[in-house]
Amino acid sequence: MARQDQVLLLEPQHELKFRGPFSDVVNTTLKLANPTDRNVCFKVKTTAPRRYCVRPNSGVIDAGTSINVSVMLQPFDYDPNEKSKHKFMVQSMLAPPEMTDMEGVWKEAKPEELMDSKLRCVFELPAENEKTHHDMDANKMMSSNLLKSESSTLSMKSMSSTLDDGEVKKIMEECKRLQMEAQRLREENKQIREDDGLRMRKSNVMSSQHSSHSMVKEEGLSLRTVALIVLFFVVGVIIGKLVL
């Protein structure tokens, strides 16, 4: 039984074009559209898998939607005399309802259920005049950057040359004076902190001395009171004997 016609719409349809130079990765896009009312499984294969990176290289396209496949050609030494024999194939099939294992579906698929489209790879180098124009633009950018750098350097030099030796000397003296002033303020601040600490210590000593003096004074008063009481008691006893 003949295979079914491809249900996916490919853009481009027949060729994948890669435009050099090929000293860096070159990327092109393959659009896959699903115009049907069913989900479609797809795979993208190539005859040179080591030369290309394809993302995504497989998956499911929902009904009425599309997907962009990025095909990245790896850097290589391009020989214009060598014709490219690289080809890509887009393989697809209608997804069964309630699919859970896509790999299992691919393995169990019958040949008549598979659909495929083939594309060839085309390598293009920029024309000589385009390359010359690109080199000229690059040279212009480099020249403008050099001019900007030189102008900034000259402006800095002219700014420094406008200051004569007298002004430079004044600036240096002012900087020295400000440094000395800052040092003096730091020393004053340190002295103030030391004086505050000394006053606090003296205050604590005086308060402790005052409290001890008060205690001695109170003890002296209490002893004096006891002595007076004893004296009055003795006098009273003597007077009582004399009266008797």
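Colleague: Which backbone oxygen lies 2.8 Å from a polar atom of the N34 side chain?

Modeller: A polar contact is a pair of N or O atoms within 3.5 Å; within protein, one must be able to donate a hydrogen and the other to accept it, and residues adjacent in sequence count only if both atoms are side-chain atoms. Here the partner at 2.8 Å is the backbone oxygen of R38. The backbone oxygen of D62 lies 3.2 Å from a polar atom of the same side chain, that of N34.

Colleague: What should I know about the model itself?

Modeller: It is predicted: local features need pLDDT of at least 70, side-chain atom pairs count only at pLDDT 80 or more, and totals for chains, interfaces and linings use all residues. Residues are numbered from 1 along each chain as its sequence is written, and side-chain values use heavy atoms, with hydrogens and water left out.

Colleague: Is N34 buried or exposed?

Modeller: Buried means under 20% relative accessible area, exposed over 50%, partly exposed in between (1.4 Å probe, protein chains only). N34 has 2% relative accessibility, so it counts as buried.

Colleague: Where does N34 lie?

Modeller: Strands are DSSP runs of E, at least two residues, numbered from the N terminus. N34 lies in the loop between β3 (26–33) and β4 (40–46).

Colleague: Which residues is L73 in contact with, beyond four places in sequence?

Modeller: Contact means heavy atoms within 4.5 Å. L73 sits in strand β7 (residues 66–73). Its contacts beyond four places include F18, F22, Y52 and F123. The relative accessible area of L73 is 0%, so L73 is buried.

Conventions: Helices (H or I, at least four residues) and strands (E, at least two) are DSSP runs, numbered from the N terminus.
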